[in-house]
Amino acid sequence: MADLTKILGGPWAPPAAPVIAPPEMQFREAMLEAGITPPDEIILDGQLRRFRTDSKRTDRSGWYVGHADGICTIIFGDWRQGIEKTIKAATNKPYTVAEEMAHVARIAAAKAARDLERKKQNEAAASTVEIIWSEGAAASPEHPYLKRKGIQPHGAKITGDGRLMVPLFDESGVLASLQYIDAEGGKLYHPGGSVSGKFCMIGTLDVPGVLYVAEGYATAATIHEVSKRPVVVAYSASNLVPVTGTLRDIYGQAQDIVIVADNDASGVGQKYAEQTCAKYGARMVMPPIQGDANDYAQAGNDLAGLLTPQADKTMLDKLKVVFGDALSADYEAPDELVEGLLTIGSMAVLYGDSNSGKTFFALSLAAHIASGQEFFGRQIDPGLVVYLASEAPGSIRSRMQAIKKAFGCTLENLAMVPVPLNFYANQGDANDVIELVKTIEQLKSQPVRLIIGDTLARMSAGANENSGEDMGPVMARFDAVAQATGAAMLIIHHNGKDQAKGARGWSGIRAHIDTEIEVVEKDGIRSATITKQRELSGKGDVIYFALKVIEMGVTKFGKPATTCVAIPDEIATNEQPNKRPSKHDENVRTMERAWFNSGAETREGKPYISRSALRELLIKDGMSERTAKNKTEASRADGLIAPMLNAGTIEAFEHGWIFVAEVQVSAMLMRKNSAPKCP
C-alpha cells in the first residue's frame with residue numbers, strides 16, 4: 001500500500017466537528033440581535049411564556065414559545081415593538097426532509113392554535129371589559145397618576161382597587177380592551193383583550209383641522225390640553241401604523257394627521273412614527289430631548305410651539321408667494337412682447353401643417369422684434385432674438401438672407417444656432433442655451449426677448465410625443481430656459497393627423513403653454529390664429545399673411561434660386577370682416593343666447609348654461625331634437641361643445657358648462673349687469 005504521509009503532511013484524521021452552543025444560548029443570542037432583552041431562563045416546553053423587555057416593573061411585552069423535540073425551535077417577539085421571529089437551533093447533524101416538513105406543519109399549527117386561542121380570549125375579554133367599564137366610577141383629577149402627569153381625566157375611570165382605567169375601541173366604536181394604570185404609572189392591559197389597531201380619542205373632530213396621534217394616554221391628554229385639538233391614543237409605538245391606517249379609512253386622505261413620536265433611547269418611537277408617516281402620508285413631530293410630549297411640557301418647554309411650529313418662510317420666498325392683501329389697487333398690465341400676441345417670459349407654440357408657412361411667419365416675427373419694427377400692425381418691445389434651427393438650419397440661413405435682401409435690414413440682433421439641440425436626451429443642451437443667452441446679452445449689451453425652438457419634434461428626438469412621461473421633462477426644460485433668461489419661448493410644432501384636434505402629441509403640451517397660434521393655408525389664404533391666450537385678450541385674433549417670392553441667385557445647375565418672406569396680406573385682411581364669422585365665434589354666440597334666454601345664471605361667478613337650456617334654444621331655432629342632442633354631446637367633434645372645450649372657452653360643470661375664458665366671462669357679465677331690469 002502506498003505511503004501518503006509525506007503528501008498529506010501526516011496521518012489522516014476526520015475534521016473536527018464545530019462546537020455548537022446549546023439551543024437556549026442560541027435563542028438568547030437571537031433575541032439580543034432582534035433588539036429584545038431575553039428572560040433569565042428559556043424553557044422549551046411548547047408553552048407561551050411572557051417576560052419583561054425593559055426596566056419597567058410591569059412590562060411584560062416579550063413572549064416566546066420553545067420546542068425541544070424534533071427540530072429545536074423558538075418563536076419569540078415583543079408586542080410593544082411589533083417584533084416576531086422564528087429561529088431553528090443549529091446542530092452538527094443536518095435535519096432530514098421529514099423533520100423539516102414536520103417542523104413547518106408544527107409551526108403553522110402552533111400559529112393557527114395561537115390565533116384561535118387569541119380570538120377566544122379577545123371575545124371573552126370584550127364581554128368582561130364592557131361590564132368593568134360600565135361599572136367604573138369617573139376618575140378624579142386628584143388621582144395620583146393624573147396629578148403627577150399634570151393632566152385632567154378626560155373620561156378615564158377608576159377600578160375598585162383605585163387604578164386608573166382607560167378604554168381601547170375598535171374602528172366601529174366597540175370596546176375591545178382596557179388599560180389599567182396604577183399610581184406609579186405601571187400599565188397592564190386586560191388579560192386576553194385585543195390591543196392591535198385599537199385606540200381611543202380625546203376630544204372630537206367637530207372643527208376641521210389637525211388630528212394628532214400619540215402613544216400613551218398621558219401624552220395624548222397633554223397634547224389635547226395644549227392644542228385644544230383631538231388626539232388619538234395608540235397605546236404603543238408598534239400600534240401607530242395600524243391605528244393611523246384606520247384613521248385614514250375613516251377620515252380620508254385629506255385629513256391632516258400628525259404623529260407625535262416619543263423620543264425614547266431605543267429609537268423605537270421615532271422608527272414607527274416614520275414608518276407610519278411614510279405609509280399613510282402623515283406628518284411627524286418629536287420632542288428634541290429624550291422623553292414624550294408630557295415629559296417635554298412638564299420640563300417647562302414650549303409644547304405648543306413644538307406642535308405648531310412657526311412657518312418657515314423659505315418656501316414662500318422661493319416660490320414668490322403673494323397674498324391678496326399685499327396687492328396694490330393699481331392695475332399691472334402684462335409685459336407684452338408683441339401687442340396682443342406674446343408676453344415676455346411666456347411659453348408659446350406655433351403649429352401648422354407642412355408648407356403652411358409657419359416657419360416664414362416665425363422668422364418674420366423674429367426679424368421685426370430684432371429690428372424694432374411693428375409686426376403686422378402690432379407694437380413690439382425690441383430686443384435680441386435667438387433662433388434654434390435644429391430641424392433645417394440651411395433653409396433658415398437662406399430665409400434670413402431673403403429677409404435682409406427684401407427689407408434692407410442687417411438682422412444684427414437675430415442669432416441663429418445651426419447645431420441640433422435635444423431637450424429630451426439631457427439637461428445639458430438647455431443649460432447651453434441659457435449660457436448662450438447670457439453671452440449674447442453681454443456681447444450686444446441688450447436683453448434677449450425671444451427664443452424660437454424649431455421644431456419640437458427635432459428638439460425632443462427620441463421621445464414619445466404622446467407620452468406625458470417623455471414630454472413632461474422636455475417642456476420643463478423649455479420652461480427652465482424661459483425662467484432663467486426672462487425671454488419668451490416660441491416652439492414651432494406640427495399638426496396632428498386630425499387637423500381639427502390641433503397640434504399633435506401629448507395633450508399636456510397645450511395645458512402647459514400660455515399662447516397657442518395655429519397657422520393655416522386654405523384656398524390660397526394664409527392665416528395665423530391665436531387659439532389660446534392666457535394673459536392677453538387676443539384670443540381668436542387672426543393675422544393674415546402672404547409669402548413674397550425672393551430671388552436669391554442661381555442654383556448649381558443655373559436655375560433661379562428662390563425663397564420667400566412673410567408679409568401682411570392686406571387684401572385678405574380687408575375682406576375678412578365682411579365674411580362669415582368663424583365657427584368658434586358662431587358657437588360662442590349660440591351659447592351666449594342660450595345663457596341669456598335661460599336667465600343668465602352664474603356658478604362660482606361665471607356664466608353657466610345647462611345642457612337642457614342649450615338644447616331648448618337649438619330646437620327653437622329649428623333644429624330637430626336628435627340633432628340638438630348630437631350638437632350638445634362633448635364627444636362629437638362636429639358639435640358645439642368639443643371645439644369650445646378644446647379651445648379653453650368653456651369647461652364642464654354640473655349639468656352643463658361654465659365659460660372660463662376671462663375676456664369672454666367679463667364681456668358676458670358686463671352685458672348682463674347693463675341689461676335693462678324688469679320692473
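Start by selecting Lys629 and Glu633: their side chains form a salt bridge, with the closest N and O atoms 3.5 Å apart. Keep in mind as you click around that this is a predicted model. Color the pair by accessibility and Lys629 comes out partly exposed, at a relative accessible area of 41%. Glu633 is partly exposed too, at 23%.

Now jump to Arg49 and Asp45. Here the salt bridge has its closest N and O atoms 2.4 Å apart. Arg49 has a relative accessible area of 28%, so it counts as partly exposed, and Asp45 gets that label at 35%.

For a pairing across the chain, select Arg449 and Asp381, whose side chains meet in a salt bridge at 3.5 Å, N to O. This pair links distant parts of the chain: Arg449 belongs to strand 20, while Asp381 lies in the loop between helix 11 and strand 18, 68 residues apart. Asp381 is partly exposed, with 21% relative accessible area.

Next, pick Glu601, Arg603 and Glu654 together. These residues are linked in a network of salt bridges. If you want to hunt for others, a search of the whole structure finds 14 salt bridges. As background, side chains of opposite charge can pair when their charged atoms come close.

Time for a helix: select residues 393-407, which make up helix 12. How far apart are the end C-alpha atoms of helix 12? They are 21 Å apart, and that agrees with the span expected for 15 residues at 1.5 Å a residue. Show side chains for Ile396, Arg399, Met400, Ala402 and Ile403, which are buried in helix 12. They take up an arc of only 155 degrees around the axis, so they sit on the same side of helix 12.

What covers those buried residues of helix 12? Turn on helix 11 (358-371), strand 18 (384-389) and strand 19 (414-417), which are among the covering elements. Strand 20 (448-454), strand 24 (542-554) and strand 25 (560-568) also belong to that cover. Before leaving, click Gly408, which follows helix 12 and has a positive phi, near 65 degrees.

Move along to helix 13, residues 428-444. Its 17 residues reach 24 Å from the first C-alpha to the last, close to the 24 Å expected at 1.5 Å a residue. Which residues of helix 13 are buried? Highlight Asp429, Ala430, Val433, Ile434, Val437 and Ile440. Look down the axis of helix 13 and you'll find these buried residues within an arc of 150 degrees, so they line one face of the helix.

Spin the view around to find Gln442 and Leu443, exposed residues on the face of helix 13 turned away from its buried side. To see what covers the buried residues of helix 13, add strand 18, strand 19, strand 20 and helix 15 (468-485), which are included in the cover. Strand 20 should ring a bell, as it carries Arg449 from the salt bridge with Asp381. Just after helix 13, Ser445 has a positive phi of about 60 degrees.

Last stop: switch to a surface view and select Met315, Leu316, Leu319, Val321 and Phe323. Together these residues make a nonpolar surface patch of about 480 Å². Zoom in on Met315, which is in helix 10 (residues 314-318). Is Met315 buried or partly exposed? Its relative accessibility is 46%, so Met315 counts as partly exposed.

Key
Residues are numbered from 1 along each chain as its sequence is written. This is a predicted model: local features need pLDDT of at least 70, side-chain atom pairs count only at pLDDT 80 or more; totals for chains, interfaces and linings use all residues. Side-chain values use heavy atoms; hydrogens and water are left out. Helices (H or I, at least four residues) and strands (E, at least two) are DSSP runs, numbered from the N terminus. The expected span of a helix is 1.5 Å times one less than its number of residues. Buried means under 20% relative accessible area, exposed over 50%, partly exposed in between (1.4 Å probe, protein chains only). The arc is that of the directions from the helix axis to the C-beta atoms. Contact means heavy atoms within 4.5 Å. Patches are made of residues with over 30% relative accessible area and no salt bridge: like charges are joined within 9 Å, nonpolar side chains (Val, Leu, Ile, Met, Phe, Trp, Tyr) within 5 Å. Accessible areas come from the Shrake-Rupley method with a 1.4 Å probe; for residues, only the protein chains shown count as cover. A salt bridge is a side-chain nitrogen of Lys or Arg within 4 Å of a carboxyl oxygen of Asp or Glu.
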